[in-house]
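Please work through the following exercises with the sequence and the model at hand. Each task is followed by a solution in steps.

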Amino acid sequence: MLHRAIARSAVKAQALGTTSRPALLSSQVRQFSFTTQRSNNKSDDPENDPLLRASSPEHQGKFARTDESVQIEYPPDSEMPAQPVVQGRGGMHFKRTLAQFSLENKVSLVTGGARGLGLVMGQGLVASGSDLAIVDLNKAEAEEQAGKLVEQFRKENPGLEQMPNVTAHYADVSNPTSVQEALAEILEKHKRIDNLVTSAGFTENFDAISYPFDRMKKLWGVNVDGTYLFATGVAKHLMERKAPGSIVMIGSMSGSIVNVPQPQAPYNAAKAAVRHLAASLAVEWAAQDIRVNCISPGYMLTALTRKILDENPQLRDKWISLIPAGKMGTPEDLMGAVTFLLSDASKYITGADLRVDGGYTLT
Ligand SMILES: NC(=O)c1ccc[n+]([C@@H]2O[C@H](COP(=O)([O-])OP(=O)(O)OC[C@H]3O[C@@H](n4cnc5c(N)ncnc54)[C@H](O)[C@@H]3O)[C@@H](O)[C@H]2O)c1
C-alpha cells in the first residue's frame with residue numbers, strides 16, 4: 001500500500017508541476033505524503049499482497065531483531081588464536097606521503113595491544129615512526145608480539161640502524177592500581193607518553209534478562225572504566241609535562257546501532273559511553289592541546305572473530321549481508337585511521353567519531 005500511495009501522490013504532484021508549478025501552495029504540497037492511508041480497495045487485503053503479508057504481525061521484526069538463542073562464545077584462554085603480525089605495510093621508502101602523518105619521535109601506548117585490533121594498530125604506529133608501549137592482561141603474549149613487531153619492522157626497513165623501542169607491560173585496565181603501576185613502568189622505560197589508544201575490550205552475548213550481573217560489571221569495567229582510567233592517567237601526565245597529546249578510544253559501531261541477531265545490550269551501551277566519553281574529554285582537555293577522538297569499527301576479521309565465524313557460518317553470512325561494502329573489515333583497515341588521528345594530520349580534529357565500518361551504520 002505504501003508504494004501505491006506514493007505513486008498516486010507522485011502522479012498528482014507531477015500533474016500540478018506541469019500545469020501550475022509557480023503556484024504550488026502548501027495545501028497542494030501536503031498531498032505529497034508518505035503516510036499510508038486506509039483504503040477499502042480489495043487489493044489492500046494482506047492475503048492478496050505479498051508486501052502486506054510480509055509485514056503482518058507474525059512476520060514483523062523477523063529479520064532485524066535480536067535472538068536470545070544466538071550466543072557467541074569466546075574460546076578458552078588456551079585456545080585463543082594469536083593475531084599474526086601484518087606483512088608488507090610499513091617501510092620508510094614504500095611510498096611518499098605527507099610528513100604530517102609521521103609519528104616520528106613520539107611514544108604511543110596501546111592497551112589491549114597483544115592481540116587483535118590493538119596489535120595491528122600498534123604495528124601501524126611503529127611503521128609510522130612511533131615507539132610503542134603495549135599494555136595487556138596477557139604480558140607473555142605482549143612480549144612475544146613486541147619482538148615480532150620489531151622483527152617485521154627490521155625486514156621492511158633494511159639498512160635502517162635505529163630500531164623502534166617496543167616494550168610490553170602488564171595491566172588490568174579496569175583496576176586503578178594496576179593502571180597506575182603500568183603507567184609508572186612505561187614512563188620509566190620511555191620517559192614520556194605522547195599518544196594513547198585504548199583497545200582493551202571485549203563483548204559477550206546474553207539476553208538482557210539473563211545477563212549475570214557480575215559479568216556485566218566486568219564488561220563495563222574493562223570497556224568503560226579501563227578507557228577512562230588510561231585516558232585520565234595519560235592526560236594527567238601530558239598536563240604535568242605541558243605537552244600536547246592525542247588519545248584515540250576504540251569504541252564500536254555498536255555504540256551507535258543495535259547489532260542483530262546477537263543480543264549484547266550492555267556492550268552496545270558501553271561503547272556508546274566510550275564514544276561520548278571521547279567527546280566529553282575532548283571538550284574538557286581542548287585548552288591543554290590534548291585531542292580525544294573515537295574510532296568505531298564495524299565487524300573486523302581478527303584472528304578471534306575469524307575463529308568464531310569459521311565455527312558459525314550462518315552468523316558470518318548474516319553479518320556480511322548487512323554490510324554495504326559486502327565484506328568485513330580487516331585489522332589493517334584501522335592502521336591508517338589510528339595513525340591519522342594520532343598525528344598532526346588531524347591537528348584540528350577533536351571529539352570526532354570515525355566510523356570504520358564499510359557503511360554498516362548508514363543503513
Ligand atoms: N573485532 C571486532 O570486530 C571489533 C569491532 C568493533 C569494536 N571492537 C573493539 O575493538 C577492541 C579490540 O577488540 P579485538 O577484536 O582486537 O579483541 P581481542 O580479544 O582480539 O583483543 C583484545 C585484547 O585486550 C586484552 N584485554 C582484555 N581485557 C583486558 C584487561 N582487563 N586489561 C588489559 N587488557 C585486556 C586481551 O588480552 C586482548 O589482547 C575492543 O574494545 C572491541 O570492543 C572490535
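The exercises below concern the sheet, the helix packing, the ligand shell and two backbone features.

This is a predicted model, in which local features need pLDDT of at least 70, side-chain atom pairs count only at pLDDT 80 or more, and totals for chains, interfaces and linings use all residues. Residues are numbered from 1 along each chain as its sequence is written.

**Exercise 1. Establish the strand order of the open sheet and identify its edges.**

Step 1. Helices (H or I, at least four residues) and strands (E, at least two) are DSSP runs, numbered from the N terminus. Two strands pair if DSSP finds at least two bridges between them.

Step 2. The open sheet has seven strands in the order S3-S2-S1-S4-S5-S6-S7, with parallel pairing.

Step 3. S3 (166–170) and S7 (353–356) are the edge strands; each has a single partner strand, so one side of each is left without a neighbour in the sheet.

Step 4. On average, neighbouring strands of this sheet are turned by 20 degrees against each other, direction ignored.

Step 5. As one pairing in detail, S1 (residues 107–111) and S2 (residues 131–136) are joined in the parallel sense over five bridges. Ser108 stands opposite Leu132 in S2.

**Exercise 2. Determine which strands H6 and H11 lie across.**

Step 1. Axes are lines fitted to C-alpha atoms, for helices over the stretch in contact, and angles run from 0 to 180 degrees between N-to-C directions. Residues are in contact if their C-beta atoms, placed from the backbone, lie within 7 Å.

Step 2. H6 (residues 176–190) lies across S1, S2 and S3, and runs at about 160 degrees to S3.

Step 3. H11 (residues 335–342) lies across S1, S4 (195–198), S5 (245–250), S6 (290–297) and S7, at about 145 degrees to S5.

**Exercise 3. Characterise the packing of H4 with H5.**

Step 1. H4 (residues 116–127) and H5 (residues 139–156) pack at an angle of about 40 degrees, their axes being 11 Å apart.

Step 2. H4 and H5 are therefore oblique to each other (angles under 35 degrees count as roughly parallel, over 145 as roughly antiparallel, 65 to 115 as roughly perpendicular and the rest as oblique).

Step 3. The contact is made by Leu119, Gly122, Gln123, Val126 and Ala127 of H4, together with Gln145, Leu149 and Phe153 of H5.

Step 4. By class, this contact of H4 with H5 has five nonpolar, three polar and no charged residues (Ala, Val, Leu, Ile, Met, Phe, Trp, Tyr, Cys and Pro count as nonpolar, Asp, Glu, Lys and Arg as charged, and the others, Gly among them, as polar).

**Exercise 4. Describe the residues around the ligand.**

Step 1. Of the 29 residues around the ligand, Gly112, Arg115, Gly116, Gly201 and Ser252 come nearest (a residue is near a molecule if its C-beta atom, placed from the backbone, lies within 6 Å of it).

Step 2. H4, H7 (residues 213–241) and H9 (303–311) each supply at least two residues of this shell. The largest share, three residues, comes from H4.

Step 3. By class, the shell has 13 nonpolar, 13 polar and three charged residues.

**Exercise 5. Locate the cis peptide bond and the positive phi of a residue that is not a glycine.**

Step 1. The cis peptide bond joins Val260 and Pro261, with omega of about 5 degrees. Pro261 is found in the loop between S5 and H8 (265–285).

Step 2. Lys242 is not a glycine, yet has a positive phi of about 55 degrees. Lys242 lies in the loop between H7 and S5.

Note on methods. Contact = placed C-beta atoms within 7 Å.
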